[in-house]
Amino acid sequence: PEGGGLTRLTNDPGKDEAPTFSPDGRRLAFQSDRSGTPVIYVMNSDGSNPVPLTSDAVDSGLPKWSPDGSRILFQSKRDGDWDVYVMNADGSAVRNLSNNVYVDVAPDWSPDGTRVVFASNRDSDHYEIYTMAVDGGDVRRLTRGSANSWTPAWSADGVHIYYAAKVDDNYEICLLY
C-alpha cells in the first residue's frame, strides 16, 4: 500500500481495532466494543459478514490467528481477571491457557504454533515477558527488568521476540534472542 486509497471495512459507532489477518488472508479478526464491551469478531477481508466470536458479557481483545488459521489467541476477563485464551476460529472450544489470578495479556503465537508469548505481572510488581506451551504448560519468564515490558511479538523466523519496555522513562522497542 502506498497510502493513496482508503476503504472503510467497518462502519459502526463502536471502536473497532486490533485487526489481524488469517494466514490465508481471507478473514480478519478484530476487537470491537460496538455492543458496549470489547468482543472478538471475525469478518471476510472485504469487510462483509462480521460475526462475534466471544460474548459481550466480558472484555475480550487483541486476537491473533494461529499459523495454520485454525485457532485464535486472545486476552479476556471472562474468568474475573485478564488471562490468555485460545478458541477455534469459529469461536468454539474456548480454553483458558494461563488461568491464574495475575494479569496475563497481549498474546502472540510462535511461527511454528507450538508456543505463546505474552506479558504478565505474575512474578513482580510490573509486567514481564513470558512464553508457554500452547496447552498452557511450561511457562518461562524471559525478562527480568525493573520496569514494564509489553506487547510481545515473535519474529517471522521464530528466533527473536520483540517487545516494548519502559527504559529511561520512555517506552522503547527491545529484542530478545
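Accessible areas are obtained here by the Shrake-Rupley method with a 1.4 Å probe. On this basis, the protein, examined as a predicted model, exposes about 9300 Å², of which carbon and sulfur atoms supply 47%. Buried residues account for 43% of the 177 residues.

The secondary structure consists of 15 strands and 0 helices. The C-alpha trace spans about 45 × 40 × 30 Å along its principal axes. The radius of gyration is 16 Å, which agrees with the value near 16 Å that a compact globule of 177 residues would have. Among contacts with a separation of 6 or more, 26% join residues that are 24 or more positions apart.

A search of the whole structure identified 4 aromatic pairs. One of them is formed by Phe74 and Tyr85, which count as stacked because their ring centres lie 5.6 Å apart and their planes meet at 20°, under the limit of 30 degrees. Phe74 belongs to strand β6 (residues 71-76) and Tyr85 to strand β7 (residues 83-88), so that the pair links parts of the chain 11 residues apart. Both Phe74 and Tyr85 are buried. In addition, Arg78 lies over the face of Tyr85, at 5.7 Å from the ring centre.

Phe118 and Tyr130 are also stacked, because their ring centres are 5.7 Å apart and their planes are at 20°. Since Phe118 lies in strand β10 (residues 115-120) and Tyr130 in strand β11 (residues 128-133), the pair ties together parts 12 residues apart in sequence. Both Phe118 and Tyr130 are buried. The charged end of Arg122 is placed over the ring of Tyr130, 5.5 Å from its centre.

Conventions
Residues are numbered from 1 along each chain as its sequence is written. This is a predicted model: local features need pLDDT of at least 70, side-chain atom pairs count only at pLDDT 80 or more; totals for chains, interfaces and linings use all residues. Side-chain values use heavy atoms; hydrogens and water are left out. Rings of Phe, Tyr and Trp (its six-membered ring) pair if their centres lie within 6.5 Å; planes under 30 degrees apart count as stacked, over 60 as edge-to-face and the rest as tilted. Helices (H or I, at least four residues) and strands (E, at least two) are DSSP runs, numbered from the N terminus. Buried means under 20% relative accessible area, exposed over 50%, partly exposed in between (1.4 Å probe, protein chains only). A charge sits over a ring if NZ of Lys or CZ of Arg is within 6 Å of the ring centre and within 35 degrees of the ring normal. The radius of gyration is taken over C-alpha atoms; the globule rule is 2.2 Å times the number of residues to the power 0.38. Contact means heavy atoms within 4.5 Å.
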